Amino acid sequence: MNGVHDLGGTDGLGPVPVEKDEPIWHADWERAAFGMFSMPFRAGFFGVDQFRYGIEQMHPAVYLLSPYYEHWMHAAEHYGVEKGVLDPADIEERTRYYLENPDAPLPQRSDPELLEFVNAVVSAGAPAGRESDKKAAFAVGDRVTVIDSSPYGHTRRARYIRGRTGEVVLAHGTFIYPDSAGNGHGDAPEHVYTVRFTNSELWGDEAAEPNGFVYFDVWEPYIVPAAGTEGSAA
Amino acid sequence: MSSTPIQPPSIRTQEEIAARVKALEAIMIEKGIMTTEAVDRLTEIYEKEVGPQLGAAVVAKAWTDPEFKERLLSDGTGTCRELGIGGLQGEDMVVVENTETVHNVIVCTLCSCYPWPVLGLPPNWYKGPEYRARIVREPRKVLRDDFGLDLPDSVEVRVWDSSSEMRYWVLPRRPEGTDGMSERALAGIVTRDSMIGTGVVPAP
């Protein structure tokens with residue numbers, strides 16, 4: 001989707017708000033909102049690509065103006081409701097209750113397995129690499145152009161690289177394809193490549209800073225051989 | 001895309017967000033999806049165990065052990081694992097080296113991807129719209145005006161937009177005047193921003 005989250009190259013946002021000695025959490029609720037991603041993930045609410053797509057569906061004005069971890073809360077709520085596990089009316093009612101009684105305790109429950117899951121997932125991770133017998137259509141050194149299309153739904157095809165031509169500099173193997181998984185359609189692995197774009201290719205000679213490149217990772221369906229070239233590994 | 005009218009935006013107050021988070025927590029606890037002890041454990045990991053001190057240890061080892069450095073640059077994930085470092089949001093790490101003529105900096109323009117196992121959780125500015133919008137378009141200006149890092153035009157600037165699950169991070173340059181320092185002491189001078197690429201390691 002052509003969403004507000006796709007920020008690369010947007011002008012007019014002002015200076016980077018660097019906070020000296022920034023704490024990990026700016027409020028207690030941020031801890032819980034952060035903690036909230038792993039458990040609905042385990043419960044099968046979403047994978048990481050769907051999680052991102054949930055955030056992308058926030059209202060654009062709210063996306064830009066809300067504190068970061070509210071985005072995470074939004075994703076948990078979005079998929080919880082979609083899965084039928086969370087009832088919107090119940091959420092509103094309890095929110096009113098905790099607004100009036102901010103110190104009211106949470107229900108208590110213990111679950112050693114969940115604790116074990118948290119420890120295990122942090123150290124082992126949740127790899128996105130997937131086996132596939134698909135042959136790579138491109139190789140390091142190939143000149144490629146990003147297809148200039150605007151799909152609906154989740155994609156990692158940022159607007160600022162669409163239609164741009166660069167060089168494949170790394171080939172990573174096959175990974176979950178976000179344009180499928182993020183839209184609830186399964187892993188559908190595709191080859192991932194890092195493509196290097198010159199600043200002037202992205203921003204034009206007049207605006208581009210000198211002597212610089214942007215490296216952007218693409219899945220194979222995002223790219224075609226640049227005009228006048230062939231995919232070399234084919 | 002959809003015929004459902006979009007709700008007009010409401011920007012919630014901190015109190016409203018806190019109450020809503022608590023409401024969701026309460027329901028998920030009752031539904032057996034979540035526990036407060038698991039939240040406490042998860043947050044404790046990123047408060048006390050996983051943070052930029054781990055990346056700093058990797059950098060210091062790379063500065064003092066050329067073979068380790070070579071392995072690190074060719075296999076970031078596997079080589080960090082030698083030190084017991086890796087996991088969530090660092091399943092596939094690529095380490096890029098700053099040199100006299102090349103300066104690397106990382107971003108995620110589409111969300112907030114960041115190499116957690118070596119840097120911990122990202123600062124707010126890394127996840128905010130300003131940095132994500134500007135660092136790909138005017139990296140020299142952002143580094144100079146917002147981070148006080150003025151790079152001459154002769155230094156090539158490479159911006160890595162973490163659009164896939166590959167997690168890039170920067171092996172900063174070892175500063176002058178550190179020849180006699182131990183690996184441990186070197187780890188102590190490596191900053192988080194130097195591994196993002198918005199800073200350099202200052203000479204001690």
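**View 1. Chain B is held together by plenty of long-range contacts.** In chain B, 72% of the contacts with a separation of 6 or more join residues 24 or more positions apart. Keep in mind that this is a predicted model. Chain B has 11 helices and four strands, and its C-alpha atoms fill a box of roughly 60 × 40 × 30 Å along the principal axes. Of its 204 residues, 52% count as buried.

**View 2. The largest nonpolar core has 115 residues.** The members touching the most other members are A:A33, A:M36, B:V59, B:V159 and B:W169. Helix α1 of chain B (residues 14–30) is the top contributor, giving 10 residues to this core. Both domain 1 (14–44) and domain 2 (51–196) of chain B put in at least three residues each. As a rule of thumb, nonpolar side chains in soluble globular proteins tend to be buried together.

**View 3. Here is B:W169 with its contacts.** Setting aside neighbours within four places in sequence, B:W169 is in contact with B:G55, B:M93, B:V95, B:I106, B:P115, B:V118, B:L119 and B:M195. This tryptophan is also one of the core residues that touch the most other members.

**View 4. Helix α9 of chain A (residues 199–207) has buried residues and, on the other side, exposed ones.** The buried ones are A:N199, A:L202 and A:W203. They sit on the same side of α9(A) because they cover an arc of only 75 degrees around the axis. Over on the other side, A:G204 and A:D205 are exposed. What do the buried residues of α9(A) pack against? Their partners are β3 (190–198) and β4 (212–219) of chain A.

Note on methods:
Residues numbered from 1 in each chain as written. Chains lettered and ligands numbered in written order. Predicted model: local features only at pLDDT ≥ 70, side-chain atom pairs only at ≥ 80, totals over all residues. Helix = DSSP H or I, 4+ residues; strand = E, 2+ residues; numbered from the N terminus. Buried ≥ 20, exposed ≤ 12 C-beta atoms within 10 Å, placed from the backbone. Contact = placed C-beta atoms within 7 Å. Core = buried A, V, L, I, M, F, W, Y, C linked by C-beta atoms within 7 Å. Domains from an automatic or database assignment. Arc of directions from axis to C-beta.
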